[in-house]
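Biologist: I should like to understand how the descriptive words applied to a protein model are justified. May we examine one together?

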Amino acid sequence: MFEMTHGTHRSSGAEMVVVKLQKEQPHLPEKDQDWFWGNSHGSDTVNDESKKALPPEPPHEERAGAMSDSSGGSKRAVAKDFSQKQMKLVHLDLKGAAPKVSYFEQVFPLFAKLGANGLLIEYEDMFPFQGELEILRSPYAYSEEDIEKILHLAQINGLEVVPLVQCFGHMEFVLKHDKYKHLREVEKYPNSLNPHAAETLPLVTSILRQVLDRHPQNKWFHIGADEVFYLGEGHDSKTWMNSNNGDMGKMYLNHIQAVISFLIASYKEIQVLMWDDMLRRIKMETIQESGIMDHAAPMIWLYEADMDTNQISQYITKYQNSGFKTVWFASAFKGASGVAQVLTPMDKHQKNHRGWLQMFQKMKDFPRIHLQGIALTGWQRYDHFSALCELLPMGIPSLAVCLQTLVHGVFSQQAQRNILEMLGFKEIDVSKNICIGNGAFPGSEIYRLVEQIQRELKPKVDSILKDNEIIHGWFSRYHRKHRFGNPYKMERFGSKVLKSHEELETLIQQLRQQLEAVYFPDTVEEWMEEFVNPYMDPLREFVKDYQEIIKLNAQPKASLKRL
């Protein structure tokens, strides 16, 4: 399948054997508007006329092959077998609202008690990158000592850590920087890397190496590789496809193969995981020619409440026939029901897990591929530039329901008793998304305060600013702009408004204190700005105007000149 050359390619200190595919079987993606391939014109079959319009193909960059060892030899690595342990990973999406390490110290024991035995940690800009990569760090990134403590906390709680580092799409945290803008697939979009640029692979391997070197004991490593938006839209990709029959699937896999090659060459014991969505549309023969199935496992993700298990079965059939030895599933316990969701819909996520339980039962129909486990994703942002989804404490009850459903195979009476005991609730009604009682789990104060603010803030503000007839008639925007009003009418609503404002400010301050105990200042500011200030700022301005204008004792309205 592969023709091994004797040349080598050095990247970030790693020497890798160059591999060339011996034969090509081009596959043209279907012409449609599917997001999978970006804009549809990027996936169209390249006809003769379009070939003439394209620039010449750029010089080929030597790429790392799939079968090399750390000494630069051409030895094919043997995939490790972890078939005796089925994993349940809790996903920590740290590209938004990353908790302080002290919160992990509280919540990791709860994860383990609920049934988890691993963590899928997506660091993004919270990793303490060094040297040339230091620019990628958030101002609040964890320190090296923090990473060591996180790994220690995971170990003592029996949680296997699986780092997740994106290598192709979802590279916004890298490509937003001027230093790396030239590596974008499409110049104006920071989503995806240009796989043909000479600096792309060295950059990716440098990022992977720094993360892996801080995780010397891990068995699995997740390279992301999902949603490579606008792949094929860049200049270099168009010219490559012009010379390769428009085979975008092969172009995608060439980069993935190079990344996996680096990992296998430098970290022989690592089993590579990757999201499966890009593989769904690639021809089976193209996957086989890439060789990735010998060292990687697809993680099939689907977060809907009503899963199409037949469709999932088709994916598994394809991956089994392609030669993958192992497959993973990925569900969601939060962060998949709205880009700016505040409260987690437990009912939706439990239904999603019941669908995956059906797939567990169906795995007997696939004897040549092993189900290694499931990752319960908890997305904190849809991407690096999007708003925050539910905070982690808001998703803890949903996580408990989902994990216990997996552990017991059904949301049984015993599962419910376990959750009530571990979370400190009196009652839980999943169908109505209601938890009764104060709760006694790490972050339960945040859970209750956010729930209260979500329930009370907007209705109270609306009742003052939108629904009060006296305010509309005697203290309108016009009155406030021209600084006049009748104290006789203003006093009829003033005390109630001031009291409501004071109560809300007290509630918000309580929440701020709880947030500051768990999160860094940037998260506290962002959450307040997104979910509190849009309602409170108008109320604060109203109260300020009221307090100033009532002191004027019904003076004439201010003229435009005075304003």
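The following conversation sets computed values against the terms used for them.

Modeller: Please keep in mind that this is a predicted model. The protein has 18 helices and 12 strands, and buried residues make up 56% of its 563 residues.

Biologist: How many of the contacts join residues 24 or more positions apart?

Modeller: Among contacts in the protein with a separation of 6 or more, such pairs account for 77%.

Biologist: Why is helix 2 called roughly parallel to helix 3?

Modeller: Helix 2 (residues 101-114) and helix 3 (residues 144-156) pack at an angle of about 5 degrees, and their axes are 10 Å apart. Angles under 35 degrees count as roughly parallel, and helix 2 is therefore roughly parallel to helix 3.

Biologist: Which residues make that contact?

Modeller: Helix 2 contributes Val101, Phe104, Glu105 and Phe108, while helix 3 contributes Asp146, Lys149, Ile150, Leu153 and Ala154. By class, the residues of this contact are six nonpolar, no polar and three charged.

Biologist: What makes helix 9 and helix 10 oblique to each other?

Modeller: The axes of helix 9 (residues 309-322) and helix 10 (residues 346-362) come within 10 Å and cross at roughly 45 degrees. That angle falls outside the ranges for roughly parallel, under 35 degrees, and roughly perpendicular, 65 to 115. The two helices are therefore oblique to each other. Helix 9 passes helix 10 in a right-handed crossing.

Biologist: Which residues of the two helices meet there?

Modeller: Thr309, Asn310, Ile312, Ser313 and Ile316 of helix 9 meet Gly355, Trp356, Gln358, Met359 and Lys362 of helix 10. This contact of helix 9 with helix 10 has four nonpolar, five polar and one charged residues.

Biologist: How do you know that His353 is buried?

Modeller: His353 lies in helix 10. Buried means under 20% relative accessible area, and His353, at 0% relative accessibility, therefore counts as buried. Leaving aside neighbours within four places in sequence, His353 is in contact with Ser331, Ala332, Phe333, Leu376, Cys402 and Leu406. The C-alpha atoms of His353 and Leu376 are separated by 9.0 Å, and the two residues are 23 residues apart along the chain.

Biologist: Why is Asn553 called exposed, and why is Tyr230 called partly exposed?

Modeller: The threshold for exposed is over 50%; Asn553 has a relative accessible area of 60% and is therefore exposed. Tyr230 has a relative accessible area of 23%. That value lies between the limits of 20% and 50%, so Tyr230 is partly exposed.

Biologist: What is notable about phi in these two residues, and where do they lie?

Modeller: Most residues other than glycine have a negative phi. Phi of Tyr230, however, is near 65 degrees, a positive value, and that of Asn553 is near 55 degrees, also positive. Tyr230 lies in the loop between strand 6 (220-222) and helix 6 (235-243), whereas Asn553 is in the segment after helix 18 (533-550).

Biologist: Which residues have the most contacts inside the largest nonpolar core?

Modeller: That core has 151 residues, and those with the most contacts inside it are Phe108, Phe111, Ile223, Tyr252 and Trp527. Helix 7 (residues 248-266) gives the most to this core, with 11 residues. Not counting residues up to four places away in sequence, Trp527 touches Val342, Leu388, Leu391, Val450, Leu511, Leu515 and Val532. Apart from the largest core lies another, of 18 residues, among them Trp275, Ala297, Trp328 and Ala332.

How values were computed
Residues numbered from 1 in each chain as written. Predicted model: local features only at pLDDT ≥ 70, side-chain atom pairs only at ≥ 80, totals over all residues. Heavy atoms only, no water. Axes fitted to C-alpha atoms, helices over the stretch in contact; angles between N-to-C directions. Helix = DSSP H or I, 4+ residues; strand = E, 2+ residues; numbered from the N terminus. Parallel < 35°, antiparallel > 145°, perpendicular 65-115°, else oblique. Left-handed = near helix turned anticlockwise from the far one by under 90°. Contact = heavy atoms within 4.5 Å. Nonpolar A, V, L, I, M, F, W, Y, C, P; charged D, E, K, R; others polar. Core = buried A, V, L, I, M, F, W, Y, C linked by side-chain atoms within 4.5 Å. Buried < 20%, exposed > 50% of the residue type's maximum accessible area, 1.4 Å probe, protein only.
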